[in-house]
Structure formats: C-alpha cells, structure tokens
Amino acid sequence: MCGGIDRVFSQATGVTLPEGLVTIKNNAFNNSTIQTVKLPNSLKTLEEGAFRQSRIRELTIPSMVEDIPARCFMGSSYLSEITFGEGVKAVGDNATVTCNVLEVLNFISAEPPTLSETSFPNCGNIVVYVPVKSKQAYIDAWGDYGFKEILAEGEEPGGDPDPEPPVGIDEIEADALTYVVTTDGIQLSGNVDGEAAVYSVSGQLLANGICTDGFIPVRLTAGIYLLRISDTTLKILVK
C-alpha cells in the first residue's frame with residue numbers, strides 16, 4: 001500500500017494507514033464503510049476528491065500535506081471536524097461542498113492558508129480554531145469569508161466578540177506588575193501569557209510551567225523567590 005492508495009473497499013469502520021504512504025488518490029474513500037481513519041505522517045499528496053462521499057466523521061491532515069485540492073471532501077455528509085496540519089498552505093475550490101454537518105475546522109499553521117471564495121461553501125455554520133498568537137492574522141485574512149467564528153485555540157464559542165488579547169510579558173515593565181500568592185499559585189496583574197520559572201534566591205530552579213491569563217500554578221512555602229517570565233524577573237515574597 002505504500003506509495004499511493006487508490007480505493008478503500010474494506011467493510012471495517014476504522015483503519016490506520018501505514019507509514020510510507022505518500023498519496024491518497026481520487027475517490028479513494030468513495031462509498032467505503034470507513035468512519036475513522038488515521039493518516040500516516042509520511043502522507044504528502046491528496047488528489048482531487050480524495051475523501052469524496054466518505055463516511056468519515058473526523059479527520060486530521062498530517063503536516064507534510066501542503067495543498068488541499070478542489071472537492072477533496074465533497075459530499076462527505078458525516079464529516080463534522082477537520083484538523084489541518086501546519087504544512088497546509090492552500091485549500092482548493094469547493095473542498096467541503098455538501099459537507100452539511102461540518103462544524104469545526106482546526107488550523108495549526110501560524111500563517112493563514114490561502115482560500116478561494118468557495119473553499120468552505122457552508123462557512124456560516126463553521127467555527128474555526130487557530131493558534132493563539134495567529135488569531136488576528138487569520139481574522140485579517142479570512143474575516144470577509146463569513147465563518148461563524150474565528151477563535152484562538154481554547155476559546156469558547158459565543159463568548160465576548162472582542163476579548164482582550166493575551167499580553168506578552170515582554171510588553172509589560174516589571175515595576176508595572178503586581179502579584180498575589182494563593183495556595184495554588186501566583187496571580188499576576190494583567191492578562192499575561194508566557195513560559196515561567198521559579199527560582200530560589202540562590203538561583204536553584206524550583207518549578208517551571210506556563211503562565212496563562214496571569215496565573216502560574218505553583219505551590220510555595222514562606223520565603224523569597226525569583227519569578228522569571230521571558231526576559232522579565234520579579235522578586236516574590238511569600239509570607
């Protein structure tokens with residue numbers, strides 16, 4: 001099967017395609033019974049109509065695939081969610097035409113892929129999730145296509161239409177930050193995101209993790225600590 005796959009006739013409802021497979025050809029899943037499929041990381045090429053009229057429910061496109069061809073998922077009336085790998089650069093005409101239950105698109109690429117006006121014909125029913133730092137770039141590129149919502153990964157649909165964007169720690173001066181130590185962690189003022197590390201005053205690394213919305217999950221006993229996020233260092237006093 002390595003190289004390319006022409007048709008899937010299996011009566012099974014799920015399949016894992018082998019590593020080494022590089023191409024899925026036109027109509028490969030047409031009218032097959034397959035509902036779930038795991039594509040190999042080696043996959044590079046999808047031919048036009050590769051998943052046409054399939055029964056697949058959800059699909060993840062590997063990162064080596066760059067182009068989603070015209071009518072790739074056409075008539076896949078069970079398909080509700082697609083995740084596009086970071087390598088995808090373009091989505092062709094009518095890629096999801098008559099995919100009537102499609103509701104969620106996940107894009108991993110930091111750069112918005114190129115779309116045509118008909119790439120996602122039912123876009124008014126579709127919520128698009130994109131990398132947090134790329135949300136504005138996607139809105140700028142795709143805002144006129146009519147998607148239901150374009151959200152950063154982790155955002156909830158139907159929330160504040162103009163939420164306050166995450167603030168990079170390097171955009172805030174250290175002396176402008178305040179903090180509160182709780183039993184579960186450190187809460188900083190401001191909507192701060194970034195990688196965080198906590199050190200003893202002697203420089204020993206005690207904990208590291210991610211600061212999300214200004215909160216760093218770490219439990220500290222009484223003492224003095226140094227908190228470093230990106231290029232900013234704060235002295236933390238725990239009583």
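How many salt bridges does the count come to? The count comes to four salt bridges, and three of the pairs are walked through below, together with strands, rings and surface. Please keep in mind that this is a predicted model. The chain's secondary structure comes to one helix and 21 strands. Of its 239 residues, 42% count as buried.

**The chain as a whole**

- The accessible surface of the chain comes to about 12,700 Å², and carbon and sulfur atoms hold 48% of that area.
- Among the contacts with a separation of 6 or more, 32% are between residues 24 or more positions apart.

**Salt bridges**

- Let's start with Arg71 and Glu48, which form a salt bridge whose closest N and O atoms are 2.8 Å apart. Arg71 sits in the loop between S7 and strand S8 (81-84), while Glu48 sits in the loop between S5 and S6, so this pair ties together parts that are 23 residues apart in sequence.
- Both partners can be placed on the accessibility scale: Arg71 is partly exposed, with a relative accessible area of 28%, and Glu48 is partly exposed as well, with 36%.
- Next comes the salt bridge of Glu66 with Lys89, where the closest N and O atoms are 3.8 Å apart. This pair links distant parts of the chain, with Glu66 in the loop between S6 and S7 and Lys89 in the loop between S8 and S9, 23 residues apart.
- Glu66 has a relative accessible area of 40%, which makes it partly exposed; Lys89 is partly exposed too, at 49%.
- A further salt bridge joins the side chains of Glu155 and Lys135, at 3.0 Å from N to O. Glu155 belongs to the loop between strand S13 (149-152) and strand S14 (167-168), and Lys135 belongs to helix H1 (residues 135-142), so the pair ties together parts that are 20 residues apart in sequence.
- Are Glu155 and Lys135 buried or partly exposed? Buried means under 20% relative accessible area, so Lys135 at 16% counts as buried, whereas Glu155 at 22% counts as partly exposed.

**Aromatic rings**

- The count of aromatic pairs comes to 10. In one of them, the ring centres of Phe29 and Phe51 are 5.2 Å apart and the planes stand at 25 degrees; planes under 30 degrees apart count as stacked, so this pair is stacked.
- The Phe29 and Phe51 pair links distant parts of the chain, 22 residues apart. Phe29 is in the loop between strand S3 (21-24) and strand S4 (36-38), and Phe51 is in the loop between strand S5 (45-46) and strand S6 (58-61).
- Phe29 and Phe51 are both buried.
- Which residues do ring pairs link into a cluster? The cluster holds Phe29, Phe51, Phe73, Phe84, Phe107, Phe120, Tyr138, Trp142 and Phe147.

**A parallel sheet of three strands**

- Three strands form an open sheet in the order S7-S9-S11, and their pairing is parallel. Strand S7 (67-68) and strand S11 (114-115) are the edge strands, each pairing on one side only.
- Strand S9 (residues 90-91) runs parallel to S11 and is joined to S11 by two bridges.
- If you would like a residue to look for here, Val91 stands opposite Leu115 in S11.

**An antiparallel hairpin**

- Strand S17 (residues 192-200) and strand S18 (residues 205-211) run antiparallel, joined by six bridges.
- For a point of reference in this pairing, the bridge partner of Ala196 is Gly209 in S18.
- The hairpin of S17 and S18 has four residues between the strands, and Gly203 takes a positive phi near 100 degrees in this hairpin.

**A nonpolar patch on the surface**

- Which residues form a nonpolar patch on the surface? Val201, Ile224 and Leu237 do, and together they have about 270 Å² of accessible area.
- Ile224 has its place in strand S20 (residues 223-229). Its relative accessibility is 42%, so Ile224 counts as partly exposed.

Conventions: Residues are numbered from 1 along each chain as its sequence is written. This is a predicted model: local features need pLDDT of at least 70, side-chain atom pairs count only at pLDDT 80 or more; totals for chains, interfaces and linings use all residues. Side-chain values use heavy atoms; hydrogens and water are left out. Two strands pair if DSSP finds at least two bridges between them. Patches are made of residues with over 30% relative accessible area and no salt bridge: like charges are joined within 9 Å, nonpolar side chains (Val, Leu, Ile, Met, Phe, Trp, Tyr) within 5 Å. Accessible areas come from the Shrake-Rupley method with a 1.4 Å probe; for residues, only the protein chains shown count as cover. Buried means under 20% relative accessible area, exposed over 50%, partly exposed in between (1.4 Å probe, protein chains only). Rings of Phe, Tyr and Trp (its six-membered ring) pair if their centres lie within 6.5 Å; planes under 30 degrees apart count as stacked, over 60 as edge-to-face and the rest as tilted. Contact means heavy atoms within 4.5 Å.
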